[in-house]
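Here is a short tour for anyone who likes to start from the ligand and work outwards. Have the viewer open and follow along.

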Amino acid sequence: MNLNSEIILKTQLLAKHVMLEDKQLTLLQDINLAVSTGETIAIVGSSGSGKTTLLSILAGLDLPSYGEVYLKNKPLHQLNEEQRSQVRADHVGFIFQQFLLISSLTALENVMLPAELANDDNAKQQALDLLAQVGLSERANHFPAQLSGGEQQRVAIARAFITKPDILFADEPTGNLDKYTSTHIADLLFDLNKQFGTTLVLVTHDLILAQRCQRRVEMQGGRLINKQHLDHTKSEQLNTDTKIIQAENV
Ligand SMILES: Nc1ncnc2c1ncn2[C@@H]1O[C@H](COP(=O)(O)OP(=O)(O)OP(=O)(O)O)[C@@H](O)[C@H]1O
Ligand SMILES: [Mg+2]
């Protein structure tokens, strides 16, 4: 497939099925999505609609059952775990819904880890700088259990940015946070996006956060339902539209 160089992420007829007690369950169906380099996009939709499942496949953490997914022109659907892991290390940052900090490592060590794995000699200084940016210099030596939920979330953001990823996936980055902390976390994401030119793909229930993104797509029952966003070429004029586009059939 010949991809436009400005498209960082593209899917074609993506589907995910799992077997549960001899029955096939469809978690994702007919997902066609294109994301431009540097774009900020929100994936919204009710609980269980497939957002986390989709994000995992887009980031190369999981494989689709059917269809194609290209990240930086790499066909993730054709790569094995080791190859996908390399693509992730080279291009991807991920903030998980449950943060997934390593409990035996301090905040500083958690943030340093991806850079150390990439043999970056300057890992510690970069981690300290990022912790300062997320306002956690004083908490660098705390273990996750010694941090509040919002602080853990900020550590997860610092960790996701340390490798200066081309694209950052965040699953509910402001979930379960108070309004002040949510606004602060969102500011950090968009500031870091501006600073590094990182493409942001955010899953969120937070409409204020969704509205700060250039584009929103909505999921329902494993499908993207606002079809005007499926075709990237037709959606360009909508990129600056701040309205949540309602589904055609709701
Ligand atoms: N491994 C699995 N086996 C069976 N069903 C699964 C599996 N993973 C997810 N599901 C189901 O797929 C659906 C989509 O799950 P997913 O986690 O993607 O939803 P979500 O949109 O992220 O929801 P939330 O907003 O609550 O985080 C849910 O109904 C969930 O129960
Ligand atoms: Mg989820």
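## Around ligand 1

Sorted by class, the shell around ligand 1 contains eight polar residues, four nonpolar ones and one charged residue. In this predicted model, 13 residues surround the ligand, and the closest are S47, G48, K51, T52 and T53.

Which elements supply the shell? At least two residues each come from β1 (7-20), β2 (23-36) and α1 (51-58). The helix α1 gives the most, with three residues.

## Helix α1

Let's stay with α1 for a moment. Its buried residues are K51, L54, L55, I57 and L58. Looking down the axis of α1, you will find these buried residues within an arc of 165°, so they line one face of the helix. The general geometry is familiar: an α-helix has 3.6 residues a turn, so residues three or four places apart point the same way.

K51 is worth a second look, as it is listed both among the residues closest to ligand 1 and among the buried residues of α1. After the helix comes G60, which has a positive phi, near 80°.

## The open sheet

β1 and β2 also belong to an open sheet of four strands, ordered β2-β1-β4-β5, with antiparallel pairing. β2 and β5 (74-75) are the edge strands, each pairing on one side only.

How many bridges link β1 and β2? The two strands pair in the antiparallel sense over ten bridges. To pick out one position, L14 has I31 in β2 as its bridge partner.

## E68 on strand β4

E68 sits in strand β4 (residues 66-71). Is this residue buried or exposed? E68 has 16 other C-beta atoms within 10 Å; because a residue counts as buried at 20 or more and as exposed at 12 or fewer, E68 is partly exposed.

Setting aside neighbours within four places in sequence, the contacts of E68 are T11, Q12, P75 and H77. E68 and K10 are 58 residues apart along the chain, yet their C-alpha atoms are separated by 8.1 Å.

## The nonpolar core

The largest nonpolar core has 62 residues, of which V111, I157, F169 and V201 touch the most other members. Helix α5 (residues 149-161) gives the most to this core, with six residues.

V201 makes a good starting point for exploring. Not counting residues up to four places away in sequence, V201 touches V35, I41, I43, L55, L58, I167 and F169. Two of these contacts, L55 and L58, are buried residues of α1, which brings us back to the helix that gives the most to the shell around ligand 1.

How values were computed: Residues numbered from 1 in each chain as written. Chains lettered and ligands numbered in written order. Predicted model: local features only at pLDDT ≥ 70, side-chain atom pairs only at ≥ 80, totals over all residues. Near = placed C-beta within 6 Å. Nonpolar A, V, L, I, M, F, W, Y, C, P; charged D, E, K, R; others polar. Pairing = 2+ DSSP bridges. Arc of directions from axis to C-beta. Core = buried A, V, L, I, M, F, W, Y, C linked by C-beta atoms within 7 Å. Contact = placed C-beta atoms within 7 Å.
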